[in-house]
Amino acid sequence: MNLSYNWLRDYLQFDLSPRETADALTSIGLETGSVDEIQTVRGGLEGLVVGEVLTCEAHPNSDHLHLTAVNIGDGGEPLRIVCGAPNVAAGQKVVVATIGTKLYSGDEEFTIKRSKIRGEESFGMICAEDEIGIGTSHDGIIVLPPDTKVGMQAKEYYNVKSDFVLEVDITPNRVDAASHYGVARDLAAYLQQAGKPYKLVKPSVEGFAPDKKEGGIDISVENAEACPRYSGLTIRGITIKESPEWLKNKLLAIGLRPINNVVDITNFILHETGHPMHAFDVSKITGGRVIVRTLPEKMPFITLDGQTKALSDKDLMICNADGGMCIGGVFGGLDSGVSENTKDVFLESAYFNPTWIRKTARRQGLSTDSSFRFERGVDPNDTIYVLKRAAILIKELAGGEIEGEIRDFYSKPIEKPRVELSLEKVNSLIGKDIDKATVISILKSLEIEIENESASTLSLRIPTYRVDVLRDVDVIEDVLRIYGYNNVEISGSLRSNLSCQTSTDRKHALQSFVSEQLTASGFSEIVNNSLTRRAYYESGQIFPASRCVSLLNPLSSDLNVMRQTLLFGGLESIAYNRNRQNNDLRFYEFGNCYFFDADRNRDDNPLTAYSEEAHLALWICGKRNAKNWAAPETDSSVFELKAFVENIFARLGLPSGALLTEETSDEIFSAAMQVRTRSRHIASWGIVDKKLLKSFDIDTAVYFAEINWGALLKETAKQAVQFSEIPKFPFVRRDLALLIDKKVTFWEIEQVARKSEKKLLKDISLFDVYEGKNLPEGKKSYAVNFVLQDEDKTLNDKQIDAVMQKIQSNLERELGAQLR
């Protein structure tokens with residue numbers, strides 16, 4: 001929030017400099033960053049003086065330029081200046097930019113230099129309005145009244161004011177400080193505690209009085225939950241015109257563009273008191289009544305900026321007899337605001353339910369100064385004061401008469417919260433004994449009432465504008481920030497409880513275990529947002545959009561659903577890295593995935609339709625190893641990924657015999673394997689489909705595995721990782737050269753072999769594949785190695801032949817395999 005130092009001093013008389021003020025605000029929790037000096041005219045008109053044109057002659061080498069001699073009152077020779085303005089003439093009083101002066105026009109800045117124009121030297125510049133930033137006209141130079149004193153500084157003539165703008169970071173809980181008076185109120189408490197002189201002055205509204213007792217626009221509130229309080233006032237016969245300089249300067253200082261006197265007053269009140277208000281053109285209030293209610297779902301509404309919004313039946317609207325005029329507390333409508341033709345206005349000052357405003361602002365994608373304050377909570381007991389303050393200013397700056405009494409709907413008055421404060425707890429939490437008198441002094445300076453007082457406790461009433469102070473600890477925090485964090489000494493002793501106990505949670509321990517394993521294998525851990533875009537799932541079958549958990553009020557279309565898979569976040573990370581020439585990647589991520597199942601939805605408990613799973617994902621792409629003197633460069637492969645997945649299973653004690661695998665392909669994978677036990681799905685791994693990679697602008701193969709971490713942990717809970725001795729008896733290798741159909745996979749051969757011999761067959765591997773000449777059409781040759789071992793004795797040839805014959809027979813019978 002931008003804070004004007006001069007504006008702040010309208011309410012608080014004090015002696016701190018702008019920099020000291022910034023430091024004081026930071027010390028009481030209103031962190032202040034930059035402190036910038038500004039002027040009402042950019043550059044402060046430095047270097048510009050009033051001059052008198054003594055002579056004006058035609059330029060000898062131009063048909064539109066003039067040679068002038070200008071006296072600038074410095075006692076020296078008149079300045080020779082070439083001027084191209086059509087209205088320049090001898091005897092005029094003008095504004096002169098001397099050599100070295102910096103001029104600002106829009107975003108441009110240029111310095112006046114000695115120059116030669118069409119062969120004639122020029123030692124300055126006679127200025128137009130737009131060239132010095134006091135207007136927009138460029139029809140000719142500025143001609144000042146004849147009695148203007150020569151040599152006067154232009155900044156003095158135009159009454160240019162300097163100010164300082166403090167950039168204050170308002171935390172979400174401190175909406176009470178989102179105004180100049182709110183900051184002044186807080187700063188006054190600091191000054192009192194610091195023993196510095198000050199005087200806090202709240203603008204008086206005692207001069208308010210209706211000009212007519214009868215008449216005025218009536219109000220009707222149909223939704224008291226969304227609008228607990230609504231106040232309004234009618235003023236007729238106003239004149240819409242430009243605001244006076246003092247008002248425009250205040251708004252410009254904090255970065256607001258002046259519009260007209262009435263609109264500027266509502267903006268001034270907002271930044272003075274922190275309470276938003278709105279001015280309606282009475283001629284647009286059909287039916288002579290303002291109605292606060294909701295409108296039907298999907299009804300279109302055109303906002304002040306010309307955008308059409310589809311309303312929700314949960315959006316509070318300020319309506320007339322024909323429809324909506326304004327989205328309550330958020331944004332005005334196109335036709336209901338004040339225009340140059342407005343003669344009568346209805347002023348609105350309300351307290352809206354913060355939850356309603358917050359949801360509407362998110363739903364409609366709108367964020368305004370009003371919604372910022374309303375959704376955090378303004379003072380419900382300040383609406384009448386704000387109306388009176390605005391009415392007095394409007395009568396002063398726009399004329400008119402106040403018609404009728406203030407209309408005020410207040411369904412259930414909000415009282416000041418009560419808090420019991422223990423002085424012992426104050427000292428305990430702060431860590432220092434603060435005497436009771438100091439605590440009471442701070443509370444009173446914060447306008448906190450003390451209802452009852454005992455030796456050890458205080459009964460307090462909290463102002464309704466302090467929406468963040470509801471508990472005793474909130475009061476203690478306020479006491480501490482005004483007392484001063486730096487006034488609490490740091491003890492020389494250390495009180496701590498040292499423990500070397502680590503987490504005994506199995507899930508966390510195993511996650512750390514596998515993380516270390518993957519990191520040691522060259523993987524980098526990534527963490528992606530659980531929120532992602534629905535577009536990823538629109539055409540999905542494996543992860544259909546119908547199963548997405550959607551957000552009611554998404555921050556953007558890129559974050560409107562919760563993820564069903566870790567895949568897309570990883571692909572975004574890969575694309576990001578490859579775009580920065582980091583091409584050889586190994587990523588892993590632990591994260592939760594979220595699902596909606598309409599078939600499980602129950603009326604008595606809608607949450608049954610939602611589920612959440614813990615997943616582990618791995619991504620590999622690029623080179624397996626870079627070129628070096630010892631080994632050639634090699635690409636990563638899907639089998640490399642397979643090895644990492646199987647190592648995870650093995651490390652957690654899940655034997656390969658307990659897993660079932662089968663081939664699959666879908667919109668995610670061009671080729672993949674699913675891994676499962678007899679009871680549950682465990683993992684999928686494979687080659688990511690090229691069309692999917694193209695949508696992420698990834699031009700290399702990506703190998704991806706996703707493990708259902710929760711299911712894996714349940715499965716491994718049944719397994720024990722145990723030590724086993726190195727076998728005492730030797731193993732035996734046997735090879736088979738098999739002629740098989742091309743559609744037969746090694747996985748099928750492995751499954752048949754393992755079913756044929758479960759005890760003695762320890763390992764099976766494929767070491768050669770041949771397809772080509774001398775083989776029948778549709779056939780291929782696999783060379784498969786089998787490892788046999790008996791842990792209790794040495795195998796003899798008879799046993800070995802029997803096992804191999806059994807394996808061979810089953811391969812012939814089930815897969816049609818032949819020995820070559």
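Q581 counts as exposed in this predicted model, with a relative accessibility of 73%. It sits in the loop between helix 15 and strand 33 (585-596). What makes Q581 worth a second look is its backbone: phi is positive, at about 65°, although Q581 is not a glycine. Most residues other than glycine have a negative phi. N774 tells a similar story, with a positive phi of about 65° although N774 is not a glycine either. This residue belongs to the loop between strand 42 (761-770) and strand 43 (779-788). Is N774 buried or exposed? N774 is exposed, since its relative accessible area is 78%, and the cut-off for that label is anything over 50%.

Another loop residue, N553, is found between strand 31 and strand 32 (561-562). With a relative accessibility of 25%, N553 counts as partly exposed. Along the chain, N553 and R362 are 191 residues apart, but in space their C-alpha atoms are 5.7 Å apart. Once the neighbours within four places in sequence are set aside, the contacts of N553 are K359, R362 and R363.

On to the helices. Helix 5 (residues 180-194) and helix 12 (residues 436-445) have axes that come within 9 Å of each other and cross at roughly 150°. That angle makes helix 5 roughly antiparallel to helix 12, because angles over 145 degrees get that label. The crossing of helix 5 and helix 12 is right-handed. Which residues do the meeting here, in helix 5 and in helix 12? From helix 5 come A189, Q192 and Q193, and from helix 12 come T438, S441, I442 and S445. Sorted by class, the contact of helix 5 with helix 12 has two nonpolar residues, five polar ones and no charged ones.

A second helix pair is helix 19 (residues 746-756) with helix 20 (residues 797-815), whose axes come within 9 Å and cross at roughly 135°. Helix 19 is therefore oblique to helix 20. The crossing of helix 19 and helix 20 is right-handed. On the side of helix 19, the contact is made by E748, I749, V752, A753, K755 and S756. Helix 20 brings K806, I807, N810, L811, E814 and L815. As for the mix of classes, the contact of helix 19 with helix 20 has six nonpolar, two polar and four charged residues.

One residue of that contact can be followed a little further. S756 is part of helix 19, and its relative accessibility of 4% means that S756 counts as buried. Not counting residues up to four places away in sequence, S756 touches K806, I807 and N810.

That leaves the aromatic rings. Across the whole structure, a search turns up 18 aromatic pairs. A pair of aromatic rings is described by the distance of the centres and the angle of the planes. For Y5 and F164, the ring centres are 6.4 Å apart and the planes are at 90°, so this pair is edge-to-face. Distant parts of the chain are linked here: Y5 is in helix 1 (residues 5-8) and F164 is in strand 13 (residues 162-168), 159 residues apart. Y5 counts as buried, at 10% relative accessibility, whereas F164, at 26%, counts as partly exposed.

How are the rings of Y536 and F568 arranged? Their centres are 4.8 Å apart and their planes are at 25°, so this pair is stacked. Y536 comes from the loop between strand 30 (531-532) and strand 31 (549-550), and F568 from helix 15 (residues 567-578), so the pair ties together parts that are 32 residues apart in sequence. F568 itself is buried, with a relative accessible area of 4%. Both Y536 and F568 also belong to an aromatic cluster, which is formed by Y536, Y537, F568 and F696.

Methods. Residues numbered from 1 in each chain as written. Predicted model: local features only at pLDDT ≥ 70, side-chain atom pairs only at ≥ 80, totals over all residues. Heavy atoms only, no water. Axes fitted to C-alpha atoms, helices over the stretch in contact; angles between N-to-C directions. Helix = DSSP H or I, 4+ residues; strand = E, 2+ residues; numbered from the N terminus. Parallel < 35°, antiparallel > 145°, perpendicular 65-115°, else oblique. Left-handed = near helix turned anticlockwise from the far one by under 90°. Contact = heavy atoms within 4.5 Å. Nonpolar A, V, L, I, M, F, W, Y, C, P; charged D, E, K, R; others polar. Phe/Tyr/Trp six-rings, centres within 6.5 Å; stacked < 30°, edge-to-face > 60°. Buried < 20%, exposed > 50% of the residue type's maximum accessible area, 1.4 Å probe, protein only.
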